Amino acid sequence: MDRKTMDAAANNIRVLAAAMVEKAKSGHPGGSMGGADFVNVLYSQFLVTDPDDPTWIARDRFFLDPGHQSPMLYGVLALTGNYTMEELQQFRQWGSVTPGHPEVNPQRGVENTSGPLGQGHTMAVGAAIAERFLATRFGDWMQHKTYAFISDGGIQEEISQGAGRIAGYLGLSNLIMFYDSNKVQLSTDVDAVDNEDYAAKYRAWHWHVIECDGTDPEALTDALRKAHAERHKPTLIIGHTVMGRGCVTADGSNFEGQCSTHGQPLSKSGADVDKTIENLGGDPKNPWVIREEVKALYEARRSELRAIVARRREEEKAWAAANPEKARQLADFIDGRLPQIDYRSIVHKANVATRTASADVLTELGKKVKNMIVSSADLANSDKTEAFLKQTGAFAPGDFSGAFLHAGVAELTMASIMNGIALHGGMIAACGTFFVFSDYMKPAVRLAALMELPVKYVWTHDAFRVGEDGPTHEPVEHEAQMRLLEELHNLNGRRSLLVLRPADSAEATIAWEMAMENKHTPTALILTRQDVPDLKPVGADRYEEALQMKKGGYVVRKAANPDVTLVGNGSEVSLLCDVAVLLEAEGVRAQVVSVPSIGLFLDQPADYRQSCIPEGVAVFGLTAGLPSTLREVVGVGGQVFGLDRFGASAPYKVLDEKFGFTPEAVLERVKNFIGR
């Protein structure tokens, strides 16, 4: 190792980081400057990627957790040739490829969107699981490392508890995490909030822990070599770094380690930008350069990588020739091709809970879909994801021959791990828990929506009909919260979450089909605990009619020239059908519409929506959640009855009566609404 060149390269990254933030007048220079030594060693010596094919399935991955340290990532990726100086100068500007926090772009070397602390390294755990899963099935030629970078703030976030526990339990020896321990966070020094012994904590989780000088490239190289030699445990490298490394004041005095350099341009922190750039070997008048010796360092690495990748691809070629069926299967995984599944033929018992119908589908998926991982937060027997488990088996320490992850009681960790599995590529990820605990998952669901990851969420026990468990376990506002993500569009203009609340087993089956076919956004399946009646077909084929739910909503009970249209989804649809029968007995013609996906329905042409909900006809909506959930569907002249209070502890049929969700009670509301 040429220490002088390595230091120059790290200083080059520091200069670029400081300059990016200064030009943008916004950002976080200090941490980026402190972590530059590690990323320089990683990218110039260890990280294996294909310079000519950035999305090669067997590449190493680097997951940044503290997204505010994006200047460090963009800086080192500029050295690798992934970003230009002009692009770095557009840091944090409209339409730039260098946003304030990194947004997933594997073509550019950005493996994950990061910002909310703790999630980035947890996604790395998911990617490491995906690697072990694929290598178990297709051989050592596709083994690779997953690197994560975590900060003092990220390691404090509660999600790190779940990530550390699960990675250590599973023995993810392919996971190497660097802890950028600079003892400074945004508003305080770390010692004002934390005196935890992280080395002891991670060792207790069965990690291999190495401590080193995080500013010394030789020490970092040695640590990474030791991490590569580990065969049974994930590795945590605790690198003792320096916030704002290289910062000086106008008179040249040392200004390193200052909290003020964390979250604002150096010019506002007390440091002198020009003097700091000079101190780091740069030109304050033109900091936007890659030094000649640094160019040579990274050009040499590119040549090394091409040779490494060529050897690896020859191994892959030989494996494919010897294993043509497996090679075709892997190609299908990577390209996202699904096996043929006859959803129509999946058999359900009559009048079952939609979670039970979901289990029937998961049984079939467990048999047919060989690149799918399903997880549950200690509720597999209740959210019915155990149907998949029974077909595939669970992961165990060092054993990834199964396809089910017992996440334990850690919903946020589980959801973030699913994001990492999806980000890895070649994989399908799904996870389940009670709907009320989607609260715990929301930050990861939001990132999945932002990253456009097709993760599937199985949320059961969907309403106050959880019953005896009481208000702590009875979701009321939760559907409305997820419908907000359905309302929100992602960066490609699509609705960012597909939300499906099926009314019976036919709809539940088709909901799964829609989820599996949806490759552009996450999908939420909101399912009942209690049994629900199968809806009566208008014609002869209930399943064929239910396929109309792919338009978001459809008529489940027709009426010629209706006096009122009744609208709902989930378990309320069968109740509305009962109400329609009572109305008909009193001479009121009622049409019933099931709207499992409000977003899809609203995206349909106006003439289709009007064929379901005719103009000029009274519209009454019923929901077990907040009335606002259906407001946009029923329109300004419509009325929605829902729950505007927390639930209560009692058998669900008692709650139906007390809360007014019986056919007789809803009948009276509809009659009052239409003046009958």
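The legends below describe close-up views of a predicted model.

**View 1. The five-stranded open sheet and its edges.**
In this predicted model, five strands make up an open sheet with parallel pairing, arranged in the order β1-β2-β3-β5-β4. The edge positions are taken by β1 (61-64) and β4 (208-213), and because each has a single partner strand, one side of each is left without a neighbour in the sheet. From one strand to the next the twist averages 20 degrees. Within this arrangement, strand β3 (residues 175-181) runs parallel to strand β5 (residues 235-240), and six bridges join the two; Ser181 stands opposite His240 in β5. Helix α6 (residues 119-138) packs on the sheet, where it touches β1, β2 (146-151) and β3, and its direction makes about 165 degrees with that of β2.

**View 2. Aromatic rings around Phe149.**
A search of the whole structure finds 24 aromatic pairs, and this view follows two that share Phe149. Phe38 and Phe149 form a tilted pair, with 6.1 Å centre to centre and 50 degrees between the planes. The pair links distant parts of the chain, since Phe38 lies in helix α3 (residues 36-46) and Phe149 in strand β2, 111 residues apart; both Phe38 and Phe149 are buried. Phe149 also forms a tilted pair with Phe178, at 5.5 Å centre to centre and with 45 degrees between the planes. Because Phe149 lies in strand β2 and Phe178 in strand β3, this second pair ties together parts that are 29 residues apart in sequence, and Phe178, like Phe149, is buried. Ring pairs extend the picture to a cluster that links Phe38, Tyr43, Phe62, Phe149 and Phe178.

**View 3. Two arginines placed over aromatic rings.**
In one arrangement, Arg108 lies over the face of Tyr83, at 4.9 Å from the ring centre. In the other, Arg137 lies over the face of Phe133, at 3.5 Å from the ring centre.

**View 4. The six-stranded open sheet and helix α16.**
A sheet of six strands, open and with parallel pairing, follows the order β7-β6-β8-β9-β11-β10. Its edges are formed by β7 (404-406) and β10 (498-500), each of which has a single partner strand, so that one side of each is left without a neighbour in the sheet. Neighbouring strands of this sheet are turned against each other by 15 degrees on average, direction ignored. Strand β6 (residues 372-376) pairs with strand β8 (residues 428-434) in the parallel sense over five bridges, and the bridge partner of Ser375 in β8 is Cys431. Helix α16 (residues 411-424) lies across β6, β7, β8 and β9 (456-460), and runs at about 165 degrees to β8.

**View 5. Strand β13 and its pairing with β15.**
Because five of the five residues of β13 are buried, this strand is largely enclosed by the rest of the structure. Val564, Leu566 and Gly568 point one way from β13, whereas Thr565 and Val567 point the other way, and all of these residues are buried. With strand β15 (residues 618-622), β13 pairs in the parallel sense over four bridges, and in β15 the bridge partner of Val567 is Gly621.

**View 6. Strand β14 between its two pairing partners, β12 and β13.**
Strand β14 (residues 590-594) is mostly covered, with five of its five residues buried. Both of its faces are covered, as Ala590, Val592 and Ser594 on one side and Gln591 and Val593 on the other are all buried. Strand β12 (residues 554-557) pairs with β14 in the antiparallel sense over three bridges, with Val592 in β14 as the bridge partner of Arg557. Strand β13 (residues 564-568), by contrast, pairs with β14 in the parallel sense over five bridges, and here Ser594 in β14 is the bridge partner of Gly568. The chain crosses from β13 to β14 through helix α21 (residues 572-585), and this β-α-β crossover is right-handed.

Methods: Residues numbered from 1 in each chain as written. Predicted model: local features only at pLDDT ≥ 70, side-chain atom pairs only at ≥ 80, totals over all residues. Heavy atoms only, no water. Pairing = 2+ DSSP bridges. Axes fitted to C-alpha atoms, helices over the stretch in contact; angles between N-to-C directions. Contact = heavy atoms within 4.5 Å. Buried < 20%, exposed > 50% of the residue type's maximum accessible area, 1.4 Å probe, protein only. Right-handed = clockwise from strand over helix to strand, strands pointing away. Phe/Tyr/Trp six-rings, centres within 6.5 Å; stacked < 30°, edge-to-face > 60°. Lys NZ or Arg CZ within 6 Å of the ring centre and 35° of its normal.
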